[in-house]
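Here are my comments on the model you sent round. Please read them with the coordinates open.

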Amino acid sequence: MGWRLVEIAGKTADLWEPDDLVAPAGRALLFLHGYDSLTLAGNEAWTAALAEHRLPCLCPHGPGCWWLDRVYPPFDVAVSPLAFLHGPVREFTAGRWNLPPRMLALGGYEMGGQGALQLAYRYGREYPVVAAVSPKLDLETWYGHGLTLDEIFADREGARQAGAMLQLHPLDWPKSQFLAADPADPYCFDATERLVGKLGSSGIPCARELEESHGGFGWEYANHLAGRVVRFVGESLERESRRLV
């Protein structure tokens, strides 16, 4: 069961699916990488979890783009990363795996975790399943530190207003959400905890992992949660498929 490189609208992505997949999968995971640009390709923990649940997965490449609705020229001079995901990527996955509506789950780590939430919070009915591990949610705290956010936004306030939390629609939110951050993570825990609190106060259900510590910030923590996240995605998509019948 190997990964392969594919091209979508002139951009590359890593794709995984069971080697013996002979019928359309009918469900899949779109997983967004973090600022380090490492996708799940070659990741033993995540690949094993995908194989266990026979869940096809696509990981687009978008170095430094933060998966936002802002054009970032190194990614594309005309199309924003978010538009690319909601357009060509969505069409590619639907065609390859014969996905019914709402059967493409979103996931991501770090920069990609907030990117998955950006997409899910804008189009909750179309992406009802989302899982974010160590999401970097407070864009304003990362602005001014020499990251590509400094190129995308003119000032800190512009970055703040583009944050995923502010995109949450009170009447159109993903029905199945999983948020996780290590309590020893100095970069992502506080914002994730605030988002969980905001969801709770709004009456929006959300599964979470905010108590278990396993390495703080980094792939050690993300890999530790691989099985749990993929199981959550698989079970949530299964429930969603029953709603479509």
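The numbered points below take the sheet, its helices, and then a few single residues.

1. Status. This is a predicted model. Every value below is computed from it, and local features were taken up with pLDDT of at least 70.

2. Sheet order. The sheet is open and has eight strands. Their order is 1-2-4-3-5-6-7-8, and the pairing is mixed. Averaged over the sheet, neighbouring strands are turned by 20 degrees against each other, direction ignored.

3. Edges. Which strands stand at the edges? They are strand 1 (3–8) and strand 8 (207–209). Each has a single partner strand, so one side of each lacks a neighbour in the sheet.

4. Strands 5 and 6. Strand 5 (residues 104–109) pairs with strand 6 (residues 129–133) in the parallel sense. Four bridges join this pair. For a reference point, look at Leu106, which stands opposite Val130 in strand 6.

5. Helix 2 on the sheet. Helix 2 (residues 81–97) packs on the sheet. The strands touched by helix 2 are strand 1, strand 2 (11–16), strand 3 (28–32), strand 4 (57–60) and strand 5. The direction of helix 2 makes about 150 degrees with that of strand 4.

6. Helix 3 on the sheet. Helix 3 also packs on the sheet. Its contacts are with strand 3, strand 5, strand 6 and strand 7 (176–180). Here the angle of about 150 degrees is taken against the direction of strand 5.

7. Buried side of helix 2. The buried residues of helix 2 are Pro81, Leu82, Phe84, Leu85, His86, Gly87, Val89, Phe92, Thr93 and Trp97. What covers them includes strands 1 to 5 and helix 3. As a reading aid, residues three or four places apart on an α-helix point the same way, because there are 3.6 residues a turn.

8. Geometry of helix 2. Where is the kink in helix 2 centred? It is centred on Val89, with a bend of about 35 degrees. Val89 is also among the buried residues of this helix. Just after helix 2, Asn98 takes a positive phi of about 50 degrees. Please check both places in the display.

9. Lys11. This lysine lies in strand 2. Is Lys11 buried or exposed? Lys11 is buried, because its relative accessible area is 13% and the cut-off is under 20%. The side chain of Lys11 makes a polar contact with the side chain of Asp76, at 2.8 Å. Beyond four places in sequence, Lys11 touches Val6, Phe75, Asp76 and Phe84. Of these contacts, Phe84 is one of the buried residues of helix 2.

10. Met111. Met111 lies in helix 3 (residues 111–122). Met111 is buried, at 0% relative accessibility. Leaving out residues up to four places away in sequence, Met111 touches His33, Gly34, Tyr35, Gly62, Gly64, Cys65, Trp66, Trp67 and Lys136. Ser201 is 90 residues from Met111 in sequence. Their C-alpha atoms are 25 Å apart in space.

11. Cysteines. How many disulfides does a search of the whole structure find? The search finds zero. For Cys188, the nearest cysteine sulfur is that of Cys206, 15 Å away. A disulfide needs the two sulfur atoms within 2.5 Å, so this pair does not qualify. Cys206 is likewise in no disulfide, with the sulfur of Cys188 as its nearest. Cys188 is buried, with a relative accessible area of 0%. Cys206 counts as buried too, at 12%.

How values were computed
Residues numbered from 1 in each chain as written. Predicted model: local features only at pLDDT ≥ 70, side-chain atom pairs only at ≥ 80, totals over all residues. Heavy atoms only, no water. Buried < 20%, exposed > 50% of the residue type's maximum accessible area, 1.4 Å probe, protein only. Helix = DSSP H or I, 4+ residues; strand = E, 2+ residues; numbered from the N terminus. Contact = heavy atoms within 4.5 Å. Pairing = 2+ DSSP bridges. Axes fitted to C-alpha atoms, helices over the stretch in contact; angles between N-to-C directions. Polar contact = N/O pair within 3.5 Å; in protein donor to acceptor, adjacent residues only side chain to side chain. Bend = angle between axes of the 7 residues up to and from the residue.
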